[in-house]
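Please work through the exercises below with the sequence and the model open side by side, and try each task before reading its solution.

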Amino acid sequence: MATISVTGYTDQVSVKPGETVDIKISAENTDSAHVEIVRLIHGDEHPDGPGFIEEPIATSVSGDYPVHKQFVDIGNAVVFEDPAGMLDLDGSLSMACLVFPTTPLKGRQVIMGKFSLEETAGYALGIDRDGHLAFWVGDGRETDEIISPVPLVHHTWYLAGVSYDASSGEATLFHEAIVNPYNGRLGRVAPFDHTSRVQQRLKAKVARSTGPFMWAAATNAAPARGRFKDFLFNGKIDRATLFDRAVSPDELRGLSTGDLADSQPLAHWDTTVGYGSSGIDDVVRDVSGHGLAGVGVHRPVRAMTGYNWSGRHDDWRVAPEEYGGIAFHDDAVTDCEWETTVSWTVPEGTRSGAYAARVTSGDAQDHIPFFIRPTSPTAPILVLMPTNSYLAYANEMIVHHVPVGQAILAHAPVLTEKEADYYQDPKYGRSTYDHWVDGAGVCFTSWKRPILNIRPRWRSSAIGTVWQFPRDLSLIAWLEHHGYDYDVATDHDLAADRGLLSGYRVVLTGSHPEYWSEQGLDDLEDYIAAGGRLMYLGGNGFYWVVSYRDGEPHLMEVRKGEAGMRAWQAEPGEYYHQTSAERGGIWRNRARPPQKLTGVGFTTQGFDECHPYRRMPDSYHKSVAWIFEGVEGDVFGDFGLALGGAAGLETERYDLELGTPPHTKLLASSTGYSDNYAGVTEDILFNHPGLLGTQNDAVRADMTYFTAANDGAVFSTGSIAWISALPCFGYENNVSQVMKNVLDAFIKPGTLPGAGWDQEEKSWT
Amino acid sequence: MSSEKRLVGRRLLRPAWPVRPERTFRRWRYPFTKRPVLNLTGKFNPITLKREMVLTDKKPMFWLVGLSALLLLPVASGTERVLTLFGIACIYAAINVMWTLIIGTAGLQSFATLATVGVGSYGAGYLSVTYGIAWPLMLIVGLLLGALMGFVISLPARRLDGLYYALLTLGLSEFMRNFVTQSDALGGKFNGALFGVAKIVPTLGTPRLTQTVVFITTFVLLLLALAVFRAVNGGRIGLMLKTAATSKEDESFASAIGIDFQRARLWVFMIASGALGFIGAFYSATVGGTSLQIFSLDLLLLMLAMIVIGGLGRAEGAVIGTVIVVFITQWFVDWGPWRIVVVGVLALLSVLYTRNGLFGLKAQLREIRTRRQTLHRAATTGRYAEFLPQEAPEIGDKSVIAKRVFERDLRGRLRSWISPDLIAEHERKPLGQHSDHLERMLNYFRKAPIPDKYAVYCEEPFARYRVVALSGLPGVPPRVVDDKVYDSLDAAYHAVFLRRVNDLRAS
């Protein structure tokens with residue numbers, strides 16, 4: 001019997017009691033699955049810890065459900081609704097577009113057209129198997145094609161088009177390159193001659209097809225799954241036009257020079273129209289007056305440099321007319337659009353936390369996570385789960401694609417069956433650590449798809465330990481063990497509810513809250529400045545700029561800029577988010593280094609071993625010495641579920657030049673890292689020998705503490721591994737002791753311990 | 001043609017099609033088809049980036065030239081002898097094309113070809129002589145008889161394989177011959193000769209004119225046969241059979257993906273047999289009779305020689321082979337039995353020295369050339385660095401070559417550092433800071449390209465690990481390298497290390 005598999009996702013990241021979460025399940029080789037709701041307590045199976053802990057919840061929805069395989073209509077396209085059927089041409093037609101193919105040799109691709117492969121009907125401009133421009137017509141029985149004799153060169157802008165006269169069957173297919181010193185991979189010195197005009201009489205006529213007019217895809221259908229997109233295109237498409245009559249190539253050329261208006265096209269899509277000061281939507285607008293607008297699916301990337309990019313501007317807001325490029329990728333997925341299998345309305349009184357729908361069928365099981373936050377604060381402590389950062393890593397496959405991955409990570413990857421399977425068919429899309437098929441960095445990531453690694457127990461193949469969500473569950477387990485009252489909320493709740501933080505005395509972060517929206521940072525900063533207390537329990541936090549569109553909290557944008565420890569870098573001129581019109585990249589390069597908020601900021605990463613902290617002189621000052629009450633000796637944290645130490649993986653440093661508040665106390669520091677711990681790239685001006693761990697003083701992990709106004713305070717551990725040390729030795733250890741000291745102090749209102757010791761004299765223990 | 005002189009070794013390169021970017025390039029098609037007259041594909045010359053037009057499929061052109069020559073040469077020569085000779089060649093060629101369909105496309109070793117032709121020939125002839133039916137009806141009768149015959153002899157093909165089936169079908173010819181000899185109605189009295197059959201081409205003004213028209217009708221017959229061949233072999237049924245073509249494994253594969261190749265095979269056999277019957281009837285109606293010669297073993301072997309010389313499985317091979325053999329046997333009549341010896345020697349040579357007759361020669365010569373090129377490049381290896389010299393032109397990204405040169409030197413250094421101490425150091429502590437030599441070695445290993453790069457596979461966390469190698473190809477899972485299982489990650493990391501050290505040693 002074939003192996004059973006089950007997986008799924010929820011429609012929302014986080015819900016409140018009274019709200020409904022839709023659980024969408026797909027299963028293969030089975031028609032029934034048992035669903036239960038569980039509360040997740042601990043997610044790291046390392047033998048030095050308590051193992052996997054979940055707590056089934058009695059709910060009205062627990063039970064067996066019929067399940068079936070749900071498909072994903074993968075890949076970007078622009079779909080034109082066209083209710084009046086104006087694009088449903090069956091006679092003469094002409095079309096042209098500005099196109100930038102990135103994988104011309106991948107196989108047949110449709111650039112634009114209305115073609116149904118299943119019906120063998122319609123018309124489309126595309127690229128044939130061997131990378132030549134092609135025009136296809138289908139008459140319902142057979143197709144005919146005209147193919148350009150000149151191959152398309154990847155990463156080059158073309159004006160490409162076709163003119164087709166139905167009465168004679170005569171088709172003229174043409175393209176010419178538009179090359180300036182900036183807009184493509186190659187400059188004008190590469191002696192390519194791209195100009196082509198070819199004529200041929202076509203045998204088949206155009207028959208109407210039932211699929212929609214699309215950019216970057218044709219329609220296909222299969223019995224098991226119905227209609228889906230096929231012949232997907234990789235590359236950029238800028239402006240385009242369509243005529244319901246044969247128009248000479250010379251006239252179509254008006255598309256690139258801007259004088260098309262007199263020709264009265266059926267559609268003239270100007271991709272630069274509709275750019276707002278706060279972002280760009282998914283609509284491609286028709287300026288011909290016929291209103292033939294289309295909508296992008298799986299969020300094609302906009303704000304891309306266009307055919308006419310002059311290289312003068314690096315921001316689409318300054319020169320939108322040069323940013324008409326829309327990038328399409330055949331492996332993009334931002335919403336699987338599955339049917340709901342189970343809907344659970346969270347009962348009032350359900351405690352907040354990390355939850356999962358546990359789906360079981362035969363030997364197969366999956367935990368589909370979601371979060372429940374309280375309607376109003378029920379405790380002084382808020383655990384802020386860094387869901388932005390979970391999304392950034394969703395379905396990451398670094399070790400399979402990046403040759404230097406093992407050098408970065410210092411060991412051979414540790415694969416599991418699920419990951420090996422997913423690598424074979426990455427049908428649920430990629431993470432912002434991966435590249436799309438054509439090599440462009442993935443800048444969108446979504447919650448609305450099965451995600452392998454936002455799961456309890458999942459161990460990152462790259463790191464060899466847990467990463468993000470399953471690690472952060474160790475904090476939940478620790479709070480549970482020590483009986484703290486706490487609420488759980490997520491980055492997504494912070495975005496939905498601006499007042500969220502103010503209801504809590506202390507906010508605890510996850511282990512790696514790396515991705516932040518401007519608003520999230522603002523709220524956290526406001527919270528601290530107003531007297532809130534932050535326990536920053538991670539490393540490499542508050543680092544990358546992300547943005548969401550209003551009403552679409554499942555879909556996050558990241559553009560990795562010219563600095564930072566990054567898996568890819570946006571192309572020149574493409575650093576500005578389409579979602580929010582702000583500059584992407586690291587916050588440090590937008591004058592907001594993490595040190596300004598937390599006292600520490602990213603300084604190094606390494607994945608071979610973790611280390612203990614050593615107390616620094618500051619920690620003996622009475623204003624902070626209370627943090628180490630009950631901790632014996634200078635060294636602590638020499639254990640942990642993450643490579644044997646509490647300090648490591650990705651770590652932070654105190655740096656006055658980067659905005660660490662001057663009164664910040666350096667409580668402890670961890671040193672002695674291997675050469676696998678390299679200094680971060682944003683610190684490097686000239687690269688030179690001596691920037692690796694054994695020779696670089698910046699390669700360390702700093703633990704800091706500073707007070708803010710109104711009894712506010714920030715305690716930062718400066719290490720991702722910190723949380724993984726908490727569950728060791730039955731949750732009773734010196735890392736746990738430090739945590740308890742700080743947390744116990746932070747949940748008490750009023751003056752913080754040690755606050756009176758504001759002089760150097762006699763203040764030392 | 002290009003005006004520039006382009007050189008390849010000592011000979012001029014094949015002329016390139018002109019490229020005129022300023023002009024509209026017109027693609028012509030054969031009337032009523034989607035086939036291009038000249039299937040020109042453009043490409044950029046990788047050496048110069050200049051545009052080139054290359055004729056990708058020259059076959060239609062060769063067919064056009066070849067068939068035109070076959071039609072025009074005899075007609076132009078005008079002698080009855082030449083016309084007769086080529087008329088015979090056309091009929092034999094038509095038979096051989098159909099036989100090719102049976103042997104090549106259907107993959108059935110049937111020798112009942114001439115028996116089927118004979119059935120059509122005698123059947124239609126008999127009806128014409130006895131009942132006076134006209135030639136168009138004769139052709140239809142031939143077709144039906146052939147198809148019936150095909151059906152009957154296809155039955156044992158389901159059970160009999162290869163040699164046994166060949167023997168059976170061979171026996172069938174002999175049976176037919178005996179049958180005719182003993183049948184009075186079929187001219188047994190006249191040693192099997194049947195005459196007085198209705199003719200397609202009546203006697204015209206001059207014998208030469210008559211012969212010319214007869215020749216043209218045989219040429220049309222050949223065209224028809226080629227059309228049938230194209231429709232069947234190039235059509236859906238032919239595609240299905242190609243999947244099951246070469247071996248028993250292919251047959252199983254074809255069945256597994258839902259291709260009923262047995263059925264497809266029988267269909268091809270029936271179609272080809274029908275056509276053979278048709279040709280038989282055509283033969284009777286062209287010659288005005290038929291004779292036992294048609295069932296003779298020597299003719300069958302001669303036809304086999306034609307196919308072997310031309311190249312098995314290809315229509316062009318069947319036609320050219322037939323023309324050559326017919327020419328030898330009919331033109332050099334005064335050589336007597338030596339003609340047969342010459343044909344035999346030709347067949348022997350093509351079996352011994354060619355892979356697939358005349359039409360397999362091109363691929364064969366190309367391979368020989370590539371081999372010689374490789375040898376030549378290999379002889380100059382000293383000038384190249386760390387890669388097989390014949391590879392260099394195929395590496396589009398020249399930085400790969402530079403990288404290999406660099407790594408050759410690096411590997412040399414690393415290899416000299418391999419020692420039991422170094423391996424012991426890694427075993428003690430696979431992760432973390434190591435001695436300089438070990439660190440450098442590990443960095444080299446870890447930076448290797450993804451294909452065949454080692455990784456650890458976790459079967460059970462903290463209990464069962466294996467060593468695998470990544471594919472580097474999307475869609476291809478990692479491959480397990482051996483059956484060893486490790487109980488800790490450190491042990492697995494070290495196993496990976498040992499493998500890499502071994503690979504470094506061997507490199």
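The exercises that follow concern chain B of a predicted model, and each task is followed by a worked solution.

**Exercise 1. Overall form**

Determine how many helices and strands chain B has, and decide whether chain B is spread out or compact when set against the globule rule.

Solution. Begin with the secondary structure, where chain B has 17 helices and ten strands. Next, take the radius of gyration, which is 33 Å, whereas the globule rule gives 23 Å for 507 residues; the value for chain B is well over that figure, so the chain is more spread out than a compact globule. Then consider the box filled by the C-alpha atoms, which along the principal axes comes to roughly 105 × 60 × 45 Å. Finally, turn to burial and contacts: 34% of the 507 residues count as buried, and of the contacts between residues at least 6 apart in sequence, 64% join residues at least 24 apart.

**Exercise 2. Domains**

State into which domains chain B is divided, and find how far apart the C-alpha centres of domain 1 and domain 2 of chain B lie.

Solution. The assignment divides chain B into domain 1 (7–57), domain 2 (67–295) and domain 3 (418–506). For domain 1 and domain 2 of chain B, the distance between the C-alpha centres is 40 Å.

**Exercise 3. The faces of a helix**

For helix α7 of chain B, residues 236–243, identify which residues are buried, and explain why they line one face of the helix.

Solution. First list the buried residues of α7(B), which are B:Ile237, B:Gly238, B:Met240 and B:Leu241. Viewed down the axis of α7(B), these buried residues fall within an arc of 160 degrees, and therefore they line one face of the helix. The general background is that an α-helix has 3.6 residues a turn, so residues three or four places apart point the same way. On the other side of α7(B), B:Arg236 and B:Leu239 are exposed. As a last step, look for the packing partners of the buried residues, which are α2 (80–105), α6 (207–233) and α9 (261–287) of chain B.

**Exercise 4. From hairpin to further pairing**

Trace which strands pair with β9 of chain B, residues 464–469.

Solution. Start with β8(B), residues 454–460, which runs antiparallel to β9(B) and is joined to it by six bridges; within this pair, B:Glu460 stands opposite B:Arg464. The two strands form a hairpin with three residues between them, and B:Phe462 in the turn has a positive phi of about 65 degrees. Continue to β10(B), residues 479–480, with which β9(B) pairs in the antiparallel sense over two bridges; here B:Ala469 has B:Arg479 as its bridge partner.

Terms used. Residues are numbered from 1 along each chain as its sequence is written. Chains are lettered from A and ligands numbered from 1 in the order in which they are written. This is a predicted model: local features need pLDDT of at least 70, side-chain atom pairs count only at pLDDT 80 or more; totals for chains, interfaces and linings use all residues. A residue is buried if 20 or more other C-beta atoms lie within 10 Å of its own, exposed if 12 or fewer, and partly exposed in between; C-beta atoms are placed from the backbone. Helices (H or I, at least four residues) and strands (E, at least two) are DSSP runs, numbered from the N terminus. The arc is that of the directions from the helix axis to the C-beta atoms. Two residues are in contact if their C-beta atoms, placed from the backbone, lie within 7 Å. Two strands pair if DSSP finds at least two bridges between them. The radius of gyration is taken over C-alpha atoms; the globule rule is 2.2 Å times the number of residues to the power 0.38. Domain bounds come from an automatic or database domain assignment.
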